[in-house]
Amino acid sequence: MSKERVLQGGKSRSAAYGALNGAYWMLYCVAVSYAGVFLLDRNYSSSQIGAIIAAGYVLGLLLQSAAAPLADRAGRAPVAVMTVEAAGIALTLLVLMHSPEKGLFLTATFTVLIALVVSIQPQVNAFTFYLERFGTEIPFGLCRGVGSASYAALSAVMGLLTVRVGILSIPAAGLIVAALFLFLMLLFCRAGIPPRRPRSPSGRRVTVKSEAFRPMLGGTAAFCFCWAGWR
């Protein structure tokens with residue numbers, strides 16, 4: 001027997017998309033904004049933390065360049081790509097829960113965490129186009145405002161938790177938010193498949209042109225990673 005579809009109304013899709021923005025920006029708060037707090041506790045210097053964040057951003061651009069063509073396919077491809085990336089975020093946060101000490105492994109883990117969070121952000125923004133294929137107009141500004149409010153609320157709460165509970169409250173909170181993100185992806189998956197839209201040729205041209213920048217981005221990420229890991 002087929003499962004009952006969810007999120008069939010425009011208001012329910014808009015509410016779910018607002019929650020998705022909230023979940024994403026809370027993940028960003030944990031992974032990027034509180035990166036310095038976590039890594040300082042693991043005896044990283046300010047320059048090493050900056051190098052890790054820089055490497056994460058550069059790797060995130062590379063991941064986004066690879067994920068974008070997959071997410072642009074028909075069917076549930078955007079949902080599938082974001083689900084895989086969110087699962088990767090949850091996995092890295094689970095590793096951080098075991099409190100690894102300063103070293104190459106922790107450097108690589110946190111770099112990957114930041115890269116995954118950065119790479120998923122454009123897809124969250126572009127997800128409005130996926131939802132509008134159902135015939136629903138998404139209030140993007142309002143939904144993005146939910147993301148900003150969620151970021152501010154969690155940032156204030158995390159400031160208290162890190163002092164009163166401890167540094168492991170950072171990955172623990174991230175795991176809870178990642179679970180929320182994955183739950184929303186499940187709802188969007190069960191909402192059905194939207195009508196297919198014609199593919200624009202401009203995206204392919206941009207992708208081809210971006211090939212020339214990938215070696216430069218990869219080299220920059222490698223430099224930052226090595227600087228943070230061995231300095």
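**Exercise 1.** What should the 21 residues of H4 span at 1.5 Å a residue, and how far apart are its end C-alpha atoms?

*Before you start.* This is a predicted model: local features need pLDDT of at least 70, side-chain atom pairs count only at pLDDT 80 or more, and totals for chains, interfaces and linings use all residues. Residues are numbered from 1 along each chain as its sequence is written, and side-chain values use heavy atoms, with hydrogens and water left out.

*Solution.* Helices are DSSP runs (H or I, at least four residues), numbered from the N terminus. Helix H4 covers residues 77-97. The expected span is 1.5 Å times one less than the number of residues. For H4 that gives 30 Å. The end C-alpha atoms are 30 Å apart, so the two values agree. Just after H4, Ser99 takes a positive phi of about 55°.

**Exercise 2.** Repeat the check for H5, then find its bend.

*Solution.* H5 holds 29 residues, 104-132. They should span 42 Å, and the end C-alpha atoms are 44 Å apart, which agrees. H5 bends by about 35° at Asn125. The bend is the angle between axes fitted to the seven residues ending there and the seven starting there.

**Exercise 3.** Describe how H4 packs with H5 and with H7.

*Solution.* Two packed helices are described by the angle between their axes and the distance between the axes. Axes are lines fitted to C-alpha atoms over the stretch in contact, and angles run from 0 to 180 degrees between N-to-C directions.

Step 1. H4 and H5 pack at about 155°, with axes 9 Å apart. Roughly antiparallel means over 145 degrees, and H4 and H5 are therefore roughly antiparallel.

Step 2. H4 and H7 (residues 169-190) pack at about 160°, with axes 9 Å apart. H4 and H7 are therefore roughly antiparallel too.

Notes
Helices (H or I, at least four residues) and strands (E, at least two) are DSSP runs, numbered from the N terminus. Angles under 35 degrees count as roughly parallel, over 145 as roughly antiparallel, 65 to 115 as roughly perpendicular and the rest as oblique.
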